[in-house]
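These are notes for a colleague who has not yet looked at this structure. Please read the numbered points with the model open beside them.

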Amino acid sequence: MGILSAYDNEDPLAAREAGRIKRLQIAEADVVELQARLKTAQQAERRVQALQDEQTRLHRRLQSMERENEKLTKSIGQGSFNAATTKVVHLRQNPSDGMDAGEARVLRAEIIGLRKQLRTLEQARGAHASEEMQEAKVKVATEKLRIRLEAARQERDNLQHSLDGTNKQIQKMKEFFKKKVSVFRERILQLTGYAFHMVDGDDTRFRLHHQYMGNPDDDIKLFLKDNHFQICDTPFVRSLDSHTWATVKKLKSIPAFLAQITLNLLNDTTVTEAL
């Protein structure tokens with residue numbers, strides 16, 4: 001019973017497995033958090049891409065407007081005509097001059113506005129550059145954590161497999177010891193006539209029942225004190241005759257006491273069968 005109890009109480013593998021599972025759960029929670037941060041970084045990346053696309057569009061628009069402005073400026077400053085076939089009449093107020101100058105001012109204003117938008121977009125791009133760097137760091141950390149998580153899962157599976165094998169071995173040993181203990185008790189019963197039982201798993205208290213006892217409730221109880229067995233008071237013990245107690249006092253021997261009881265019970269059984 002003591003060996004079997006030790007196997008029941010000592011289970012270090014189960015404790016280590018519980019620790020592994022707890023660390024694995026923490027790692028899985030970290031992965032979830034990093035995945036959420038990665039999603040936020042990806043959204044920021046999409047915003048940066050949209051700003052870059054808008055910047056490209058505005059830059060192209062600006063170049064187009066600048067070319068148009070340059071064309072109009074040349075047209076206003078130099079004119080575009082054939083001097084040999086065309087007669088130029090100079091007016092104090094040329095309607096085309098006023099129209100072209102007004103359009104040029106509008107274009108210049110639009111160019112200035114586009115340049116301001118470009119500066120704003122460049123500033124926004126610079127602000128989001130740190131987010132791109134953070135995203136890269138998150139990706140690296142996520143990959144490292146994924147590798148660690150996979151290793152932890154593999155270790156858990158290996159440990160679970162080892163634990164299952166150990167549990168099977170323990171179960172086989174329990175069955176082996178149980179069978180051997182049962183055989184041992186049967187042989188003791190055959191040799192001595194007594195069935196020995198531990199009281200509540202206590203290896204200092206024993207209950208003995210003889211196969212010749214007529215009542216199943218009859219028993220002898222012993223307890224160990226200072227490495228010597230003491231006889232407990234039971235109804236059966238109180239029923240013993242003075243001769244048996246004289247043997248105990250004279251020999252001070254538990255084996256002799258038990259042997260005397262065996263002889264008494266055997267005699268009683270023989271007399272009963274004879275009658």
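A salt bridge here is a side-chain nitrogen of Lys or Arg within 4 Å of a carboxyl oxygen of Asp or Glu. The model is a predicted one, and the points below should be read with that in mind.

1. Salt bridges. By that criterion the structure holds four salt bridges. One of them joins Arg156 to Asp157, with the closest N and O atoms 3.7 Å apart. Arg156 is partly exposed at 29% relative accessibility, and Asp157 is also partly exposed, at 41%.

2. A second pair. Arg187 and Glu186 form a salt bridge whose closest N and O atoms are 3.9 Å apart. Arg187 has a relative accessible area of 41% and counts as partly exposed. Glu186 is likewise partly exposed, with a relative accessibility of 41%.

3. A pair across the chain. Which parts of the chain does the salt bridge between Asp219 and Arg207 link? The side chains of these two residues meet at 2.9 Å, N to O. The pair links distant parts of the chain, 12 residues apart: Arg207 lies in strand β2, while Asp219 lies in the loop between β2 (202-210) and β3 (220-225). Asp219 is buried because its relative accessible area is 8%, under the 20% cut-off. Arg207, at 25%, is partly exposed.

4. Thr234 beside that pair. Thr234 sits in the loop between β4 (228-231) and α4 (235-238). Its relative accessibility is 4%, so Thr234 counts as buried. Not counting residues up to four places away in sequence, Thr234 touches Asp219 and Lys221. Asp219 is the buried member of the salt bridge in point 3.

5. The sheet. Four strands make up an open sheet, ordered β1-β2-β3-β4, with antiparallel pairing. Its edge strands are β1 (194-199) and β4, each of which pairs on one side only. From one strand to the next, the twist averages 30 degrees. As general background, strands of a sheet pair through backbone hydrogen bonds, either parallel or antiparallel.

6. Pairing within the sheet. β2 and β3 run antiparallel and pair over four bridges. Four bridges also join β3 to β4, again in the antiparallel sense. Phe223 in β3 can be followed in both directions: Arg205 stands opposite Phe223, and the bridge partner of Phe223 in β4 is Gln230. Another pair across β3 and β4 is Lys225, which stands opposite His228 in β4.

7. The β3-β4 turn. How many residues lie between the strands in the hairpin of β3 and β4? There are two residues between them, and Asp226 takes a positive phi near 55 degrees in this hairpin.

8. The largest core. In soluble globular proteins, nonpolar side chains tend to be buried together. In this model the largest nonpolar core has 15 residues, and those with the most contacts inside it are Leu208, Ile220, Phe236, Phe257, Leu258 and Ile261. Strands β2 and β3 and helices α4 and α6 (254-274) each supply at least two residues of this core. Helix α6 gives the largest share, five residues.

9. Ile220 as an example. Ile220 is one of the core residues with the most contacts inside the core. Leaving aside neighbours within four places in sequence, the residues in contact with Ile220 include Leu208, Phe236, Phe257, Leu258 and Ile261. Arg207 is also among the contacts of Ile220, and this is the arginine of the salt bridge with Asp219 in point 3.

10. A separate core. There is a second core, separate from the one in point 8, with seven residues. Among them are Leu58, Leu114, Leu118 and Leu121.

11. His210. Is His210, found in strand β2, buried or exposed? His210 counts as buried because its relative accessibility is 0%. The side chain of His210 makes a polar contact of 3.1 Å with the side chain of Thr262. With neighbours within four places in sequence left aside, His210 is in contact with Thr192, Gly193, Tyr194, Thr262 and Leu265. Tyr194 is in contact with Ile220 as well.

How values were computed. Residues are numbered from 1 along each chain as its sequence is written. This is a predicted model: local features need pLDDT of at least 70, side-chain atom pairs count only at pLDDT 80 or more; totals for chains, interfaces and linings use all residues. Side-chain values use heavy atoms; hydrogens and water are left out. Buried means under 20% relative accessible area, exposed over 50%, partly exposed in between (1.4 Å probe, protein chains only). Contact means heavy atoms within 4.5 Å. Two strands pair if DSSP finds at least two bridges between them. Axes are lines fitted to C-alpha atoms, for helices over the stretch in contact, and angles run from 0 to 180 degrees between N-to-C directions. A nonpolar core is a set of buried Ala, Val, Leu, Ile, Met, Phe, Trp, Tyr and Cys residues joined through side-chain atoms within 4.5 Å. A polar contact is a pair of N or O atoms within 3.5 Å; within protein, one must be able to donate a hydrogen and the other to accept it, and residues adjacent in sequence count only if both atoms are side-chain atoms.
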